[in-house]
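I sat down with this one today and kept a few notes as I went. Here they are, in the order I looked things up.

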Amino acid sequence: MKLRTPSLLALTAAVGFAAAVGLGGRGADPTASVGSIATIAIAPGSFTFRLPGEYLRSNRPVDAPLFEMDVRAGFEIMKYQVSAADYARCVVDGACQAAEGRASMPDTMPVTGVNYRDATAYAVWLSEATGESWRLPTDAEWAFAAAERFPDEALGLLDDGTNPATRWLARYRSDAGKAAPDPEPKPLGFFGVNSKGLADVAGNVWDWTTTCYAHASLNAAGSIAESTENCGVRVVGGRHRGYMSYFIRDGKSGGCAAGMAPHNLGIRLVRDKPSPIARLRSLLNWTAS
């Protein structure tokens, strides 16, 4: 008897059916080993976005240009930052380095003392543990999700002469005014939720993003004439935007490329929707188990 190979359409339909009826087997409850992960669906939309980085015009520092940015595809992001307990599971599995500074923290606390490499290692581990696709957000995604808690960084110093210290001091004063009076990490949910439902946005733990630090020159019209990226420094999102060397775990210890250093460095991830091929692979793995 000749066996017929199921079509891609049939397999895709079977994937949807298996998910709908909750069939068991491998991948039936991929988050069981890491606990439930609360996420917020961010709908498509548009917002005014000031680019991250350093910008010069006529060799003088100026405010970054503003753009009306369209977020054409929505995305899903963690409601809470990664907890100390969840990160510890990655450490126990040998996929992550232990966080710096605090040997033990309550399960309800966000993990802190992690650098960019730690954050990306955790995203890889979580993806493998759940069979899903987790990653760090871009700066633009983080800003859009932060909504009203993402501050405009404009200093309004359109002509501050040739002394770069003027702008640096203005940036320091601006960031200092947004600093939390108590930099000690607080339990998850302590800082409440924003208008989109995200908890602790712009609290006192900054989130790593994938966006590299940019150094750009503007022309007379204010458009970018030339730009270079330094991916040894990444943008971190928090009460004010920060720029941290990728290997730094404690923002207060140094390594901040501009402005005041973040109080704490943590992790909040985006979950990407699985592609049809990924769903097909998941079904084949399930049927083979």
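**Entry 1: helix 2.** I am working from a predicted model. I began with helix 2, residues 84-92, and asked which of its residues are buried. They are Ala84, Ala85, Tyr87 and Cys90. What do these residues pack against? I found helix 3, residues 116-130, on the other side of that packing. I also looked at what comes after helix 2, and there sits Gly94, with a positive phi near 80°.

**Entry 2: disulfides.** Cys90 made me curious about cysteine pairs. How many disulfides does a search of the whole structure find? It returns two.

I took Cys90 up again here, since it bonds with Cys96 at a sulfur-to-sulfur separation of 1.9 Å. Their link is right-handed, with 70° about the S-S bond. I checked burial for both partners, and Cys90 and Cys96 are each buried.

Next I turned to Cys212 and Cys231, whose sulfur atoms are also 1.9 Å apart in their disulfide. This link is right-handed too, and I read 95° about its S-S bond. The pair joins distant parts of the chain, as Cys212 belongs to strand 8 and Cys231 to strand 9 (residues 224-237), 19 residues apart.

Are these two partners buried or exposed? Cys212 counts as buried because its relative accessibility is 9%, under the 20% cut-off. Cys231 has 34%, so I noted it as partly exposed.

Counting bonded cysteines along the chain, I wrote the pattern down as 1-2, 3-4.

**Entry 3: Leu218.** I stayed with strand 8, residues 206-218, which holds Leu218. Leu218 has a relative accessibility of 9%, so I put it down as buried. What does Leu218 touch, leaving aside neighbours within four places in sequence? My list has Tyr55, Leu56, Arg57, Val62, Asp63, Pro65, Ser223, Ile224 and Ala225. I picked out Val62 for a distance check: it is 156 residues from Leu218 in sequence, yet their C-alpha atoms are 9.0 Å apart.

**Entry 4: cavities.** Last, I looked for enclosed space. How many cavities of 30 Å³ or more are there? I got two, and the largest has a volume of about 50 Å³. Its lining is made up of Gln81, Pro110, Lys186, Pro187, Leu188, Phe191, Asp200, Gly203, Asn204 and Val205. Sorted by class, I have five nonpolar, three polar and two charged residues around this largest cavity.

How values were computed:
Residues numbered from 1 in each chain as written. Predicted model: local features only at pLDDT ≥ 70, side-chain atom pairs only at ≥ 80, totals over all residues. Heavy atoms only, no water. 1 Å grid on protein atoms, 1.4 Å probe; cavity = no way out; pocket = protein on both sides within 12 Å on 5 of 7 lines; lining within 4 Å. Points joined across faces, edges and corners; volume = space filled by probe spheres on them. Nonpolar A, V, L, I, M, F, W, Y, C, P; charged D, E, K, R; others polar. Helix = DSSP H or I, 4+ residues; strand = E, 2+ residues; numbered from the N terminus. Buried < 20%, exposed > 50% of the residue type's maximum accessible area, 1.4 Å probe, protein only. Contact = heavy atoms within 4.5 Å. Disulfide = S-S within 2.5 Å.
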